[in-house]
Amino acid sequence: MGTDQLLDAAGVGGRATCGVAATLEALWLGEVQVLVVADGVHLAGGECPQCGRLAPEGTAQCPVCGTTMLMVHDLFERAMARTREQVGRVEVVQGEAAKRLREAGGGMGALLRYSIPAATAPIEQPS
Ligand SMILES: [Zn+2]
């Protein structure tokens, strides 16, 4: 399993995610089979004390239940632990593969157990 396979699958709307927000969403849904992270990436974020949802930094309230998020210093570490709790696999990619994953998805992606609907990301309304 390499970054290319992940990016290919994510690109065609297959059973994969590429990107921190999309991957955390899949993780919360329990759909992550293989979490792929780029070596050396550290990102702060938030965790919901109510439902356990993880989210990128800057998310003040849980997108699921609206509870105020708690600060998490290493979001990637939390995501890896969560994946293992769900009996998923964690793959840390390095070198050129890590660089590509950082550029394409902020250093995080996943292969999924089930296919997910194409449009799960919230659509931003112009103000
Ligand atoms: Zn929540």
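Mentor: Before we start, two strands are said to pair if DSSP finds at least two bridges between them, and please keep in mind that what we are looking at is a predicted model.

Trainee: With that in hand, in which sense do strand β3 and β5 pair, and over how many bridges?

Mentor: Strand β3 covers residues 45-47, and one position to look at is glycine 45, which stands opposite valine 72 in β5. Pairing requires at least two bridges, and β3 and β5 meet that requirement, for their pairing is antiparallel and the number of bridges is three.

Trainee: Which are the edge strands of the open sheet that has the order β4-β3-β5?

Mentor: This open sheet has three strands, with antiparallel pairing throughout the order β4-β3-β5. An edge strand here pairs on one side only, which holds for β4 (54-56) and β5 (70-72). Neighbouring strands of the sheet are turned against each other by 35° on average, direction ignored. The edge strands are therefore, given that each pairs on one side only, β4 and β5.

Trainee: At about what angle to β4 does helix α3 run?

Mentor: Helix α3, residues 75-85, lies across β3, β4 and β5. Angles of this kind run from 0 to 180 degrees between N-to-C directions, and on that scale the helix runs relative to β4 at about 150°.

Trainee: Is strand β2 largely enclosed by the rest of the structure or largely open, and how many of its residues are buried?

Mentor: On one side β2 is joined by five bridges to strand β7 (residues 108-112), antiparallel, with valine 34 opposite leucine 111. β2 also pairs with strand β6 (residues 89-93), here in the parallel sense over five bridges, and leucine 35 stands opposite valine 90. Strand β2 is largely enclosed because, of its seven residues (32-38), the number buried is five.

Trainee: How does arginine 113 count in terms of burial?

Mentor: Arginine 113 is placed in the segment after β7, and, leaving aside residues up to four places away in sequence, it touches Glu31 and Gln33. Its C-alpha atom is separated by 6.0 Å from that of valine 32, although the two residues are 81 apart along the chain. A buried residue would need 20 or more C-beta neighbours within 10 Å and an exposed one 12 or fewer. Arginine 113 has 16 inside 10 Å, so it counts as partly exposed.

Trainee: Finally, what percentage of the residues in the protein is buried?

Mentor: The protein has four helices and seven strands. Of its 127 residues, the buried share is 35%.

Methods. Residues numbered from 1 in each chain as written. Predicted model: local features only at pLDDT ≥ 70, side-chain atom pairs only at ≥ 80, totals over all residues. Helix = DSSP H or I, 4+ residues; strand = E, 2+ residues; numbered from the N terminus. Contact = placed C-beta atoms within 7 Å.
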